[in-house]
Amino acid sequence: MQKNVTIVGAGLVGSLLSIYMAKRGYKVSVFERRADMRTARISAGKSINLALSDRGWRGLEGVGIAEEIRSIAIPMYGRSIHHRDGSTAFQPYGKKEQAIYSVSRAGINMKLMDLADQQEHVRLFFEERCTHIDRKNQTVSFDNDKTKATTHIQSDLIFGSDGAFSASRLSMQLTSDRFEYNQHYIGAGYKELHIPAGENGAFRLEKNALHIWPRGSFMMIALPNSDGSFTCTLFIPFEGEKSFSALRTKEQVKKFFEEEFPDAAALMPALLDDFFANPAASLVTVKCWPWTFDDRIALIGDAAHAIVPFYGQGMNCGFEDCVVLNRLIDKHKENWKDIFAEYQNLRKPDGDAIADLAIANFAEMRDKTGDAKFLLQKKIEARFSEKYPDKWIPLYSMVTYSPDIRYSMALKEGMRQEAIMNQIMGIHNIEKIWDSETIENEMLRLIQDSVSELLVSAQ
Ligand SMILES: Cc1cc2nc3c(=O)[nH]c(=O)nc-3n(C[C@H](O)[C@H](O)[C@H](O)COP(=O)(O)OP(=O)(O)OC[C@H]3O[C@@H](n4cnc5c(N)ncnc54)[C@H](O)[C@@H]3O)c2cc1C
């Protein structure tokens, strides 16, 4: 008999998961708290654009919809670093053809909903807020925001894909013994700002780059939108000398932007209005365990692993959850006990790893991308990797362009590489001899001395 699936949340992951499940013949009902953004024309929530990379593409390819999304994606081939004096420097993200892609959050979410709607076996319900999951009866309760009516939906499988502040997860936390839960807010928050398009939709900064204004304890980034505008995000501590709390008046904000981001400020005519109209939002990491319950309920996407955005991987990781789950359904032939057991055992270490990598990347983006020694280290790594691709894949490339390498493996390998690079960067005169044979040989020697689990597992 055809199994019923209830998915809580029609965000990025819930919408994609519904397509995966429908294509396998499940009867899928998706319940979303908000109104249908395709008709209500409401804002799709925080962060207007997102970076999509290879793990995310793989998730979309798995159900044959990558091309649909590619048509609304802008490739970014590297970071464009903006210094205080207005000068810029381009740092490629990887090899020449490698890029991450800027996609509108609303655009991709609406496209995924459209594609879900086109599946014979998917039904989407809006303004239905999950309030509770009854484990014993396999029932999810929803309150309709408009009619205030409550419905109880019983199904064979339940997926909680209702984001970082998941009601599904909370329900499991309240009703499961020994449920592990940890949430951590970093001291910085973010605010979205805007650089409008120039005349005739012209891009006023380099179109195919992710722009960064690294300033030590804070930074601003900008990603291109297809209408020629850029969405900027200011990441800055809530408290302290340079912080949201120190930016209370129009004069303070104007002075701060003119001093710190003069080239961007000149392109932001509505800066002061935007700054005071848009909220300062917080950034949280959520880790929890288990992710599955009674062989019938599972958490997926941010509901299972919310991470800070500095590696641009939250959505990518959630899409990868769908890929792994789909593979396990094949492997275990619909035996949900085995599927869920392996799903959470595989994904939990990877979710934890990308959460930690994302925290570490904040320091790298806001601080080190403007630092000469760090840039030299990246140059040495890139040169070595080009010459010995089987011996060295830079950490960024493992995370972003290597979906066959698990996040947990990338984290381990990245730590091994960092230890090697610390020794290399400590060599006398490294600035002068960085591209010499001596350095190359020293790297080869250090690599031989430390065991790479990644290279061992690839053999
Ligand atoms: C500033 C910022 C920048 C980011 N940049 C990137 C990036 O560049 N690349 C990247 O890969 N990731 C990025 N992310 C992370 C990415 O946004 C998330 O990982 C992704 O949205 C997770 O998808 P999801 O479907 O799990 O959750 P969400 O997209 O949050 O969707 C959850 C859905 O559930 C609904 N919902 C919530 N509660 C209920 C309820 N009680 N009942 C019913 N429905 C409910 C919500 O309305 C929503 O539609 C960024 C995040 C932030 C905050």
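Helices here are DSSP runs of H or I at least four residues long, numbered from the N terminus. With that in hand, the place of glutamate 334 in this predicted model is easy to give: the loop between α10 and α11 (336-366). Glutamate 334 has a positive phi of about 65 degrees, although it is not a glycine. Glutamate 334 counts as exposed because just 11 other C-beta atoms lie within 10 Å, and the cut-off for exposed is 12 or fewer.

Glutamate 127 also has a positive phi, about 60 degrees, and again is not a glycine. Its loop runs between β8 (122-125) and β9. With 17 other C-beta atoms within 10 Å, glutamate 127 comes out as partly exposed. Most residues other than glycine have a negative phi, and most peptide bonds are trans. On the peptide-bond side, the link from tryptophan 289 to proline 290 is cis, with omega near 0 degrees. Proline 290 sits in the loop between β17 (281-289) and β18 (292-293).

Now for the ligand. Of the 33 residues around the ligand, Gly9, Gly11, Gly163, Gly301 and Gly314 come nearest. At least two shell residues come from each of α1 (12-23), β3 (49-52), β9 (128-134) and α10 (314-331), and α10 gives the largest share, four residues. Sorted by class, the shell holds 13 nonpolar, 13 polar and seven charged residues.

Further along the chain, helices α14 (residues 407-425) and α16 (residues 437-449) have axes that come within 10 Å and cross at roughly 145 degrees. The crossing is right-handed. Ile420, Gln423 and Ile424 of α14 meet Ile439, Glu442, Met443, Leu446 and Ile447 of α16. This contact has six nonpolar, one polar and one charged residues.

Terms used: Residues are numbered from 1 along each chain as its sequence is written. This is a predicted model: local features need pLDDT of at least 70, side-chain atom pairs count only at pLDDT 80 or more; totals for chains, interfaces and linings use all residues. A residue is near a molecule or strand if its C-beta atom, placed from the backbone, lies within 6 Å of it. Ala, Val, Leu, Ile, Met, Phe, Trp, Tyr, Cys and Pro count as nonpolar, Asp, Glu, Lys and Arg as charged, and the others, Gly among them, as polar. Axes are lines fitted to C-alpha atoms, for helices over the stretch in contact, and angles run from 0 to 180 degrees between N-to-C directions. A crossing is left-handed if the near helix is turned anticlockwise from the far one by less than a right angle, and right-handed if clockwise. Two residues are in contact if their C-beta atoms, placed from the backbone, lie within 7 Å. A residue is buried if 20 or more other C-beta atoms lie within 10 Å of its own, exposed if 12 or fewer, and partly exposed in between; C-beta atoms are placed from the backbone.
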